Each structure stands twice: as C-alpha cells, then as structure tokens.
Amino acid sequence: MSAYFIIQINITNPENYKDYIVQVTPIVKKFEGEYIIRGGRSENVEGNWPYERTVVLKFPSFDMAKKWHDSEEYKPIRKIREDNSEGNAIIIEGN
C-alpha cells in the first residue's frame with residue numbers, strides 16, 4: 001500500500017528555503033518518492049487553513065516514506081526546511 005507525506009507550510013525565509021527546494025528532490029527520488037502536489041494555486045473552502053503552501057509526496061510504502069524522512073541523507077536538508085519555515089507534516093497510508 002502506498003504512503004503519502006503531506007506537509008502544510010509557511011515559508012519564513014524564502015531566500016534560504018530555495019536551498020531546500022534544490023536539494024530535496026534527488027533524495028525524494030532516491031527513496032522512490034514522487035511529487036503529487038508541490039505548492040500551486042489553492043483556495044480554502046472549509047474551516048481554517050493557515051498555510052500558504054501544501055506539498056504531497058507519494059512513496060511505494062509507509063516504511064519507505066519513514067526511511068526517507070528519517071534518513072541520514074535527508075536530515076541536513078530537513079533542517080534547512082525546519083529553520084526557514086513553519087508547518088505540519090504527516091505520513092499516511094493510502095491507495
């Protein structure tokens with residue numbers, strides 16, 4: 001069963017965040033992930049959605065998504081995101 005990494009994010013330092021964008025894609029691909037949604041136009045139609053950006057990654061399994069997120073390769077790149085943004089992230093199984 002596939003798994004999805006979903007993050008809602010507000011970028012607090014766009015200039016430094018650019019480094020994250022450049023470096024994260026090859027690591028995602030290495031762990032067989034693919035971008036389903038990477039920002040793009042959105043409209044809040046119900047409830048509260050206090051984040052300007054939503055990203056959805058698809059991985060072949062929950063375990064692979066966790067391996068990517070917890071990997072030594074991703075840790076320093078994740079730190080760039082964490083230092084230059086605020087948000088929520090989950091890994092969830094799906095079709």
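## Aromatic cluster and helix packing in a predicted model

Phe5, Tyr17, Tyr20, Phe59, Trp68 and Tyr74 form one aromatic cluster. The model described here is predicted. The count of aromatic pairs comes to five. In one of them, the ring centres of Phe5 and Trp68 lie 4.9 Å apart with the planes at 75°, so this pair is edge-to-face. The pair joins distant parts of the chain, since Phe5 belongs to strand E1 and Trp68 to helix H2, with their positions 63 residues apart in sequence. Phe5 counts as buried at 3% relative accessibility, and Trp68 counts as buried at 0%. Another ring, that of Tyr35, has a charged partner: Arg38 lies over its face, at 3.9 Å from the ring centre.

**Overall architecture**

The secondary structure of the protein consists of three helices and four strands. Along the sequence, these elements follow the pattern β-α-β-β-α-α-β. For 95 residues, a compact globule would have a radius of gyration near 12 Å, and the value of 13 Å for the protein agrees with this. The C-alpha trace spans about 30 × 30 × 15 Å along its principal axes. Buried residues account for 40% of the 95 residues. Among the contacts with a separation of 6 or more, 79% are between residues 24 or more positions apart.

**Helix H3 and its surroundings**

Helix H3 covers residues 75-83, and its buried residues are Ile77, Arg78, Ile80 and Arg81. These residues cover an arc of only 150° around the axis, which puts them on the same side of H3. An α-helix has 3.6 residues a turn, so residues three or four places apart point the same way. The buried residues of H3 pack against two strands and two helices, namely strand E1 (2-11), helix H1 (14-30), helix H2 (62-70) and strand E4 (85-94).

Glu82 is also found in helix H3. With a relative accessible area of 42%, Glu82 is partly exposed. Glu82 and Ile11 are separated by 71 residues in sequence, yet their C-alpha atoms are 9.4 Å apart in space.

**Ser85 and Ser2**

Ser85 is placed in strand E4. At 12% relative accessibility, Ser85 counts as buried. The side chain of Ser85 reaches the backbone oxygen of Arg81 at 2.5 Å; Arg81 is itself one of the buried residues of H3. When residues up to four places away in sequence are not counted, Ser85 touches Ile9, Asn10, Ile11, Thr12 and Tyr17. One of these, Tyr17, is a member of the aromatic cluster.

Ser2 lies in strand E1 and counts as buried at 15% relative accessibility. With neighbours within four places in sequence left aside, the contacts of Ser2 are Lys58, Phe59, Pro60, Ser61, Ile92, Glu93, Gly94 and Asn95. Phe59, named among these contacts, also belongs to the aromatic cluster.

The relative accessibilities of the individual residues discussed above are collected here.

| Residue | Relative accessibility | Class |
|---|---|---|
| Phe5 | 3% | buried |
| Trp68 | 0% | buried |
| Ser85 | 12% | buried |
| Ser2 | 15% | buried |
| Glu82 | 42% | partly exposed |

Note on methods
Residues numbered from 1 in each chain as written. Predicted model: local features only at pLDDT ≥ 70, side-chain atom pairs only at ≥ 80, totals over all residues. Heavy atoms only, no water. Buried < 20%, exposed > 50% of the residue type's maximum accessible area, 1.4 Å probe, protein only. Arc of directions from axis to C-beta. Contact = heavy atoms within 4.5 Å. Polar contact = N/O pair within 3.5 Å; in protein donor to acceptor, adjacent residues only side chain to side chain. Phe/Tyr/Trp six-rings, centres within 6.5 Å; stacked < 30°, edge-to-face > 60°. Lys NZ or Arg CZ within 6 Å of the ring centre and 35° of its normal. Rg over C-alpha atoms; globule rule 2.2 N^0.38 Å.
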